Amino acid sequence: MSDELSDIRDAVDAILSDHGDDNRALWRTLGDTGFALLGVPEEIGGSGGSLAELAVVVRAAAHHGAAVPLAESAGLAGWLLAQVGLPVPAGLVAVSLDEARLGSGRLSGRCRVPWGRHADHVVTLARSDAALRVAVVSVAGGELARAENLAGEPRDVVTFKDVPVTAVADTEISSADLRRRGALLRSVQLAGAAGAVLESTRRHVGERVQFGRPLARFQAVQQQLAALAGQVTSIRVAADAAVLGGEQETAVAAAKATASAGAQAVTSIGHQLHGALGYSTEHPLGSATRRLWSWREEFGNEAYWQDRLAAIALGGGWWPTVTR
Amino acid sequence: MIDISAHRLGEAEQQLRTEVREFLAKERATEAFEPRCDAWMSSPDPAFSRRLGDRGWLGMTLPRRYGGHDRSPLERFVVVEELLAAGAPVAAHWIADRQMAPSILRHGTEEQRLRYLPGIARGECFFAIGMSEPDAGSDLAAVRTRAREVADGWELTGTKLWTTGAHFAHAMVVLARTDGTPEDRHTGLSQFVVDLPHPGIQVRPIVTIDGEHHFNEVVFDRAVIPGGALLGERGAGWSQVMAELADERSGPERFLSTAPLLAAWVAETRDAGADPVTTREIGRLTAQAWALRQLSLAVAAELARGRSPDVPAALVKDLGSSFEGEVVETVRRLAQVEPRRGAGGLAGLLAEGVLHSPAFTLRGGASEVLRSVVARGLGVR
């Protein structure tokens, strides 16, 4: 990691540690310090910065178990706006995972909107005749149905019926591009949460004494801990490599497939080594494992991306795909 | 906690990759070699090694004054991974190029460097390594081979087992006890470079269950070697061997031994049409290979910075070598091809993959030992 990236990580780690479980205050601070719109160009009202910088902050937030819409807001909504040069609207801007319909400046459709209940505006792809556009619409204009993922993160659905858009622009972006970008960000988040499981597990087996010695003194435990470290390191390096590769499809597909598939071993070994203590909501482990169980499915699970990767390998050759 | 970062190769390395691919395509077109599984262990071809030497692809990272090419470890990584993925016959020079060239450069005297390094870079000087013994497998510190100081040098007595390629190597590095007793464990061990053949050294074949002769038992019967054969410091053998391990464990050969089988299966599937189960499994193995390569590259980048990432190397070797077996198992289950020793195509590659699979997770450190190394690296042992 470069010095600039380490500095960003240290700064955001300090903010995350300061806020404990107060996610609202945390989100305000992330807004005040510019982290909430990192990676979004300054010309449209963002904080500027690269995808690599955004990824560092997204991973740190996931590692701390912070329930904040960083990936969706800066990473997806801000990114969509940047593609078409529309300004970032005031308040929290969320992203729709579904295409809406657009006619005469009015928008209709059923849109899955993570964090929708907290958002002021939604950015969505919308079909108008044959063309795809990026549209911004006020959440208040739609009807919101609440839902949550396994970690309790809002996964709301907003239904719009002929709601006037506040901004619109033509785009070359497709739903597949949005899904790929989402998969990349989720890979980074999975890496963060997996790192938290490893950290907690390492601490636990070092401290917990059973049969007269710390769990870590048992070879069976050591072997499992090493297997956990292997999975966590794979997930992290794959996600970092996909970020370095700049959203290229092969890398994203491989990283998300690695992270989604690896989540199984990470959660099962993590819980097994924590014993019953980790199964209680009083222990922070479950906050990380429930995110892993949710995020592995979001923006395509391993089966989806394995099929994409197979199509690339069958088309362009196995080894050229591995080295891409 | 395992401190490695993803690395992105640059333009120069991609250009080099293109050159290696063109070279390999020409070699294949002239039928200079057939792709083999585990070719770095079991497919020696001195003529092929010399052609690599002519291209400047051996001893790449050595300084020019020793016949090397002053290239970066990452450039070497690219050349090596291309050769392995193609299943090219690299076994003759493998140990010399991977391990002994850097070790002799690091620890050797000027005389040893001038004697061995230029030949390694030309693809003419091949090496074997004598580490394991009848009573020292995973527990390497239990070696009993003795080196006694005598008037005209050192006298070696003992037996080495599983010595790859000793039957064609021009020299061999031997880990032996110079001081103390086996109970002293890590202290009192030293490394020697021994020229082969030697009248006091007997090389006997060990035939493995694939029916082939890759390994040897090497018996030292009061074999006298010159005083200048000591490699590095007397008594520093253990730390020198440990320093080699990061080179030995993290390379692309630790996940690509069965890549030729997987590549052939994918190519065959493309021609025949893929069913959904096969497609999914190709995707699964491709994602794993992609991720393992990124890990291997991350460790190579650490080595290139002059660090010694022994813990990440152990972790990568554990994951990579179990993947090699998983490739064999997946292809076997889905390709429905009966393995045939010595046959061409998928049947032959599958035979090699199946028969070699027990070795993947043993050589270069058994998986259980590697996981212990990782656990210790995490600070819990």
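Here are three short exercises with worked solutions on this predicted model.

**Exercise 1. The side of chain A that touches chain B**

Find how many residues each chain brings to the contact, and which helix of chain A gives the most.

*Solution.* Start with the totals: chain A brings 35 residues and chain B brings 38 residues. Next, look at the helices of chain A. At least two residues each come from α5 (175–207), α6 (219–244), α7 (249–274), α9 (302–316) and α10 (318–322). Of these, α6(A) gives the most, with 14 residues. Finally, sort this side of chain A by class: 22 residues are nonpolar, 9 are polar and 4 are charged.

**Exercise 2. A cis peptide bond**

Which two residues of chain B does a cis peptide bond join, and where is P197(B) placed?

*Solution.* The bond to look for is the one between L196(B) and P197(B), where omega is about -5°. Now follow the chain around it: P197(B) sits in the loop between strands β5 (189–195) and β6 (201–207) of chain B.

**Exercise 3. Positive phi without glycine**

Take D70(B) and R222(B), and decide for each whether it is buried or exposed.

*Solution.* Begin with D70(B), whose phi is positive, about 55°, although it is not a glycine. You will find D70(B) in the loop between α3 (46–55) and α4 (73–85) of chain B. Count its neighbours: 11 other C-beta atoms lie within 10 Å. The cut-off for exposed is 12 or fewer, so D70(B) is exposed.

Now turn to R222(B), another residue other than glycine, with a positive phi near 50°. R222(B) belongs to strand β7 (residues 213–225) of chain B. Here too the count is 11 other C-beta atoms within 10 Å, so R222(B) is exposed.

Definitions and conventions:
Residues are numbered from 1 along each chain as its sequence is written. Chains are lettered from A and ligands numbered from 1 in the order in which they are written. This is a predicted model: local features need pLDDT of at least 70, side-chain atom pairs count only at pLDDT 80 or more; totals for chains, interfaces and linings use all residues. Two residues are in contact if their C-beta atoms, placed from the backbone, lie within 7 Å. Helices (H or I, at least four residues) and strands (E, at least two) are DSSP runs, numbered from the N terminus. Ala, Val, Leu, Ile, Met, Phe, Trp, Tyr, Cys and Pro count as nonpolar, Asp, Glu, Lys and Arg as charged, and the others, Gly among them, as polar. A residue is buried if 20 or more other C-beta atoms lie within 10 Å of its own, exposed if 12 or fewer, and partly exposed in between; C-beta atoms are placed from the backbone.
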